[in-house]
Amino acid sequence: MELCAIFFSSASSLLLLLLLISANDAVSAAAAPLKFGINYGQIANNLPHPTQVSGLLQSLSVNRVKLYDADPAVLTAFAGTGVEFIVGNEDLHNLTDARNARAWVSQRVQPFLPSTRITCVTVGNEVLGNGKDAAAMQSLLPAMQSVNQALVDLGLSGNVSVTTAHSVNVLSTSYPPSAGAFREDLAEYVRPLLNFLAEIRSPFLVNAYPFFAYKASPSSVSLPYVLFEPNPGVRDPATNLTYDNMLYAQIDAVYAAMKAMGHADDIPVRISETGWPSGGDADEVGANAQNAAKYNGNLMRRIAAGEGTPLRPNVPVDVFVFALFNEDMKPGPASERNYGLFYPNGTPVYNIGFDGASFSPSPTTSTFSSSSRTTSTLLMGVVVLLVAFFL
Ligand SMILES: *[C@@H]1O[C@H](CO)[C@@H](O)[C@H](O)[C@H]1NC(C)=O
Ligand SMILES: *[C@@H]1O[C@H](CO)[C@@H](O)[C@H](O)[C@H]1NC(C)=O
Ligand SMILES: *[C@@H]1O[C@H](CO)[C@@H](O)[C@H](O)[C@H]1NC(C)=O
């Protein structure tokens, strides 16, 4: 059945549900948007129309979205919603030419501002450290520079920043975190890139998947450590900081690697992708819905509590979860098609733990328990709403 038809036929029940939900939790439902962003990948042939997705994300209170392109249908659908967008352009070779960069920004970014809040452009995705050819790696910084220049020339640089998203493979060492270092063979690209990010005050984005580390050596990597479950943690002998999860260790390893290149405190680190697959091939150990629910649920709870990493306790961890939907056309192992929080029809792939069970009030702080209850109530409402929207 058509989603639109369903939308109209269920409009009255939706309204009723909304009333019920807001009556239950009027203040919290209206108040705090969730503090994580979400990657809206579209390598699939069965996704709902962007206007439906806009409704879904607003019902979830997700107000930050990352795209891999600058799909005009999506940017149009989110006009006036206040949702913040990171858009992407992976055509590095094209963008090194200033005229192309200017054309792209003026045709694909500028027309949507300010009604759609585009705040950042990522130029390329995981260009360094993943076996790409030297030509691509050499184009990265010039492409970022010409996009930035185009934004400056068009008077948009105060609203829209430029960066790129890295794989953790740019690091040669990530443990202990204090020993974090960039790969020697990438230094010629990384060094000027860091200087540029510092100069234009843009963040260093990293795609980090503790799942890959676990999958590669399930017998030596602790599952509770990668899933943010209770565990004794590991102490960094150089700093005496204790890490109870791998993601935070990876973030602090990036800070250490940047410091070793002379950028001690001038570039923030953000997680442009992280997640856990709910399914995979037989040899993909750990790829299942139970682990995915723990990873994403525990992470969101920590984000809601405003946690920082051991090295930067006062800087809340900033995360874009991967991903909104399962993407059926992604190549590679089965896990690649199973990162979504939702099936394309809007049904949650798993219960993320917002049913209250794993969000029971923390004994430690009242701030924590109240924010997690808010989230829990919100997300419970969302599940109900989703049924109304999509079934
Ligand atoms: C480069 O990108 C621009 C803007 O998106 C496009 O109009 C143009 O055709 C592209 N040029 C080449 C050579 O790919
Ligand atoms: C830039 O940001 C300011 C402040 O948020 C806003 O008022 C303005 O409309 C934005 N301009 C564009 C072009 O997005
Ligand atoms: C770490 O703790 C040990 C034992 O308490 C102490 O001897 C050492 O000086 C500490 N190192 C740092 C860097 O704080």
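These notebook entries record what I looked up in a predicted model of a protein with a ligand.

**Entry 1. Ligand 1**

I began with the surroundings of ligand 1 and found Asn94, Asn100 and Trp104 around it. I then looked for a polar contact to Asn94: an oxygen atom of ligand 1 lies 2.4 Å from an N or O atom in the side chain of that residue. I also looked up how far the protein covers the ligand. Ligand 1 exposes 360 Å² when taken alone, and the protein buries 41% of that area.

**Entry 2. Helix α3**

I next asked how many residues of helix α3, residues 50-60, are buried. The count is 9 of 11, so the helix is largely enclosed by the rest of the structure. I listed the buried positions by name: Pro50, Gln52, Val53, Ser54, Gly55, Leu56, Leu57, Ser59 and Leu60. I then checked the backbone just after α3, where Ser61 adopts a positive phi of about 60 degrees.

**Entry 3. Strand β11 and its partners**

I turned to strand β11, which spans residues 269-274. Of its 6 residues, 5 are buried, so this strand too is largely enclosed by the rest of the structure. I looked up which strands pair with it.

- Strand β8, residues 204-207, pairs with β11 in the parallel sense over 4 bridges. Here I noted Phe204 opposite Val269 of β11.
- Strand β12, residues 319-321, also pairs with β11 in the parallel sense, over 2 bridges. For Ile271 I found Val319 in β12 as the bridge partner.

I then followed the chain from β11 to β12. Together with helix α12, residues 289-304, these two strands make a right-handed β-α-β unit.

**Entry 4. Salt bridges**

Side chains of opposite charge can pair when their charged atoms come close. I counted such pairs in the model and arrived at 10 salt bridges. I recorded several of them individually, with the accessibility of the residues involved.

Glu84 and Arg117 form a salt bridge in which the closest N and O atoms are 3.7 Å apart. This pair links distant parts of the chain, 33 residues apart: Glu84 belongs to strand β3, residues 84-89, and Arg117 to strand β4, residues 117-125. Glu84 has 23% relative accessibility, so I entered it as partly exposed. Arg117 is likewise entered as partly exposed, because its relative accessibility is 40%.

For Asp97 and Arg99, the closest N and O atoms of the salt bridge are 2.8 Å apart. I asked whether each residue is buried or exposed. Asp97 is partly exposed, with a relative accessible area of 25%, whereas Arg99 is exposed at 66%.

For Glu307 and Arg302, the salt bridge has its closest N and O atoms 3.1 Å apart. Glu307 counts as partly exposed at 29% relative accessibility. Arg302 is buried, because its relative accessible area of 11% lies under the 20% cut-off.

**Entry 5. A linked set of charges**

Finally, I looked for salt bridges that join into a network. I found one that links Arg64, Arg270 and Asp318. I noted that the numbering places Arg270 within β11, residues 269-274, the strand that pairs with β8 and with β12.

Key. Residues numbered from 1 in each chain as written. Chains lettered and ligands numbered in written order. Predicted model: local features only at pLDDT ≥ 70, side-chain atom pairs only at ≥ 80, totals over all residues. Heavy atoms only, no water. Near = heavy atom within 4 Å. Polar contact = N/O pair within 3.5 Å; in protein donor to acceptor, adjacent residues only side chain to side chain. Areas by Shrake-Rupley, 256 points an atom, 1.4 Å probe, with all protein chains shown as cover. Buried < 20%, exposed > 50% of the residue type's maximum accessible area, 1.4 Å probe, protein only. Pairing = 2+ DSSP bridges. Right-handed = clockwise from strand over helix to strand, strands pointing away. Salt bridge = Lys/Arg side-chain N within 4 Å of Asp/Glu carboxyl O.
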